[in-house]
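Reader: I've got this one open on my screen and I'd like a close look at the empty spaces in it, please. Throw in a few words on the chain as a whole and on a few other spots, if you have them.

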Amino acid sequence: MRAATDIGGTFTDLVAIDDQGTLVLEKAHTTPPNFEQGVMEVMEKSGIDLKSITEFFHGTTTIINALTERKGAKTGLITTKGFRDILELARGNRPDLFNMVFEKPEPFVPRYLRREVEERMAYNGEVVVPLNKDDIKAAVDYFRKEGVEAIAVCYINSYANEAHERETAEIVRELWPEVYVSPSVDITREWREYERTSTAVLNAYVMPAASSYIDRLDGRLSEAGVEGSRYIMQSNGGTTTFEQSKITPVNVVESGPVAGVFGASILGKFIGEKNIIAFDVGGTTAKCSLIDDGEVKVTTSYFIEKDERNAGYPIMAPVVDIVEIGNGGGSIAWIDEAGSLKVGPKSAGALPGPVAYGKGGTEPTTTDANLIAGRLSAKNFDMDVDLDAVRAALADSIGAHFGQDADGAAESIIRVADSNMNNALKLISVRRGYDPRDFAMVAFGGGGPIHGPSLAKELNIGKVIVPVAASVFSAWGMLMTDIRHDFIRTKIMSLNEAPVDELNALWASMEKEAGEVFAAEGVSQEQAAFSYIIDMRYMGQEHTVQVYAPAVPWKEEDKAEIMERFHATHEHFYTFRLDDTPAEIVNLHLIAFGRLHKPSLREIEPHKGGAEEAVKEIRKVFFAGDGWVETPVYDRDKLGCGFEAKGPMVVEEPTTATVVCPGQSLRVDKFGNLIVEMEVQ
């Protein structure tokens, strides 16, 4: 059996599957700050035989929580002489351009904990100034006195030559074995000094918390009898071992959300959909990502805490390109100073949760609004719901301000929540040059099936796919992943003038490094597979585009194909191409996969009987644009392959509901996915 657990802001999800394709699904409440307790509780609740687990996958919010809540380690920074203030200098391209009182983000390492070392590498990797080991010893002595728990090391141009950083890390470990050390070259070999320094610092900052959590979870799994291989989901859409994740925990910063995106791409391949918008609504956030021609977009330009007013903190590590907003089922509805209705980003979380949970929550949330609007049923909750308390919270907190009753307040909250989610969907599609009509939406998470069809209607998306296990789909996605590592090297050179032998030698060195990592993880050569990407730009440009390159070794004639791919990619994103302008390579990006065994999808039985036999009840449901409509509510477990019906309708399952709007139709495919369709204009 393969099992996966995913920790969310409100629930911890589990999906397990055996060799026959039998699925086991379960949810339990997340248990902060001891998240491993929630993992063990959901596994126990599922009733699976823990000793039968051969592979265990895990997605965690521990890393992002440590960063956003500032609960990491006291961290020191060792850097090149003259570069002590790079974290403060940062970048000048602030997001809030006309804010005259703009403040840069406060560095995670204060100035007094940054120490300089005499050393210098040239841009091409040549040693300009030898490493001064006495400076390193002095820095370690100072950090020890200051009670530092973790040390980041980042030298100028170390991406071109890692020798000084490696030697520094060895010296620090010899002098102080107990301290956590994070050289930047462990994470990235890409240029840009501020971003590399920020990444090394953030990695060091979370290393103690990550190691402690992973060790606790590892111990609990062993105590429970789990003997199989153990993997953690990374932000790049692949997995890594528990041990490797303790070395580079910053690679796990978006661990859970990216699993759902990857799962959507895999599901698309099963059902013949290459262009997909993955739409995931959980308890705290809504997340969306675009999959173009089957390719999950990965970027190294990732930030935490960045928004329209704050510059945030860069993490130069491969992360699936996700747009995330603070708008989930637990998002709280409130009135701002101007008297406008807002939904999120503050969330009721798992505790106290929405008013409907009966755990002390008093502020109305999106879940409460969907309950009153008839989209959810009180009978579907795993606790007794006091509908009078929910109505009172909506009417008193929101309705009274606008002269509405509880029903009117619920309508308003849903409209605002949908508007927020719609903006996020536009950010990853329309604003990046993609037409939503060319894509299908995969809606998952507890709230994705509830909001997805109405948002698809507004964006003119013709098809919405609600997968089996929709509310725990991110955990399902982990079961479909491979081990993945990204190796990126900055090497700026003209494509036309670059010697093919030199390029092939660079690729070969990266493949060798990947092979060494795989060998340490127990991945055989037969399991290894590689993909090749080049970051390219026209001469004189600052920005780059990702170009998928042919397999190596390259021949001289391959350059023409690479150049044409670059022109086409640039034209797609920026609407123009410069055929007569030379292009240059900036980064070589090797993606190394360690292929793991994948479970197959199980086909379901054909639908038998009439549609009315699957109807649970008829109730009034609110639909934006259509108002309140008497709507049949179906039991998903009673819908077989080939079932078809016209909207409006609601399809309920134990942990979510699919809300099909008037004008849309629903059918069930052979794998049990709900396919919501409409004609696009």
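Author: I'll begin with the chain, go through the empty spaces one by one, and end with a few other spots.

A word on what you're looking at: this is a predicted model, where local features need pLDDT of at least 70 and side-chain atom pairs count only at pLDDT 80 or more, while totals for chains, interfaces and linings use all residues. Residues are numbered from 1 along each chain as its sequence is written, and side-chain values use heavy atoms, with hydrogens and water left out.

The chain has 15 helices and 35 strands; these are DSSP runs numbered from the N terminus, H or I of at least four residues for a helix and E of at least two for a strand. Its C-alpha atoms fill a box of roughly 80 × 60 × 60 Å along the principal axes. With 681 residues, a compact globule would come out near 26 Å in radius of gyration, and the chain's 26 Å agrees with that. That radius is taken over C-alpha atoms, and the globule rule is 2.2 Å times the number of residues to the power 0.38. Of the 681 residues, 57% count as buried, where buried means under 20% relative accessible area, exposed means over 50% and partly exposed is in between, using a 1.4 Å probe and protein chains only. Take contacts between residues at least 6 apart in sequence, and 69% of them join residues at least 24 apart; contact here means heavy atoms within 4.5 Å.

Now the spaces. Rolling a probe the size of a water molecule over the atoms shows where empty space is left. On a 1 Å grid over the protein atoms alone, a cavity is a set of points where a 1.4 Å probe fits but cannot get out; a pocket is an open set with protein on both sides within 12 Å along at least five of seven lines; and lining residues have an atom within 4 Å of a point. Points are joined across faces, edges and corners, and a volume is the space filled by probe spheres set on them.

By this rule there are 2 cavities of 30 Å³ or more. The largest cavity holds about 90 Å³. Lining it are L87, A90, P105, P107, F108, Y194, S198, V201, L202 and Y313. Helix α6 (residues 193-223) gives the most to that lining, with 4 residues. By class, the lining has 9 nonpolar residues, 1 polar and no charged. Here Ala, Val, Leu, Ile, Met, Phe, Trp, Tyr, Cys and Pro count as nonpolar, Asp, Glu, Lys and Arg as charged, and the others, Gly among them, as polar.

The second largest cavity has about 50 Å³ of space. Its lining is made by T60, T62, I63, A210, Y213, I214, I232, S245, P249 and V252. Two or more of these residues come from each of α2 (62-68) and α6, and α6 gives the largest share, 3 residues. This lining splits into 7 nonpolar, 3 polar and no charged.

On to an open space. The second largest pocket has a volume of about 630 Å³ and is lined by 30 residues, with D186, Q244, F487, E513 and V517 nearest its centre. At least two lining residues come from each of α7 (242-247), β25 (483-494) and α14 (500-521); β25 gives the most, with 6. This time charge shows up: 10 lining residues are nonpolar, 9 polar and 11 charged.

Next, helix α12 (residues 448-459). It is largely enclosed by the rest of the structure, because 10 of its 12 residues are buried. Among those buried are G448, H451 and L459. After α12 comes N460, with a positive phi near 65 degrees.

R619 is worth a click too. It lies in strand β29 (residues 615-623) and is buried, at 12% relative accessible area. Its side chain has a polar atom 2.7 Å from the backbone oxygen of G374, and a 2.7 Å polar contact joins its side chain to that of E617. A polar contact is a pair of N or O atoms within 3.5 Å; within protein, one must be able to donate a hydrogen and the other to accept it, and residues adjacent in sequence count only if both atoms are side-chain atoms. Leaving out residues up to four places away in sequence, R619 touches several others, including R375, E630 and E652.

Last, E603 sits in the loop between β28 (583-594) and β29. At 52% relative accessibility, E603 counts as exposed. Not counting residues up to four places away in sequence, E603 touches K670 and F671.
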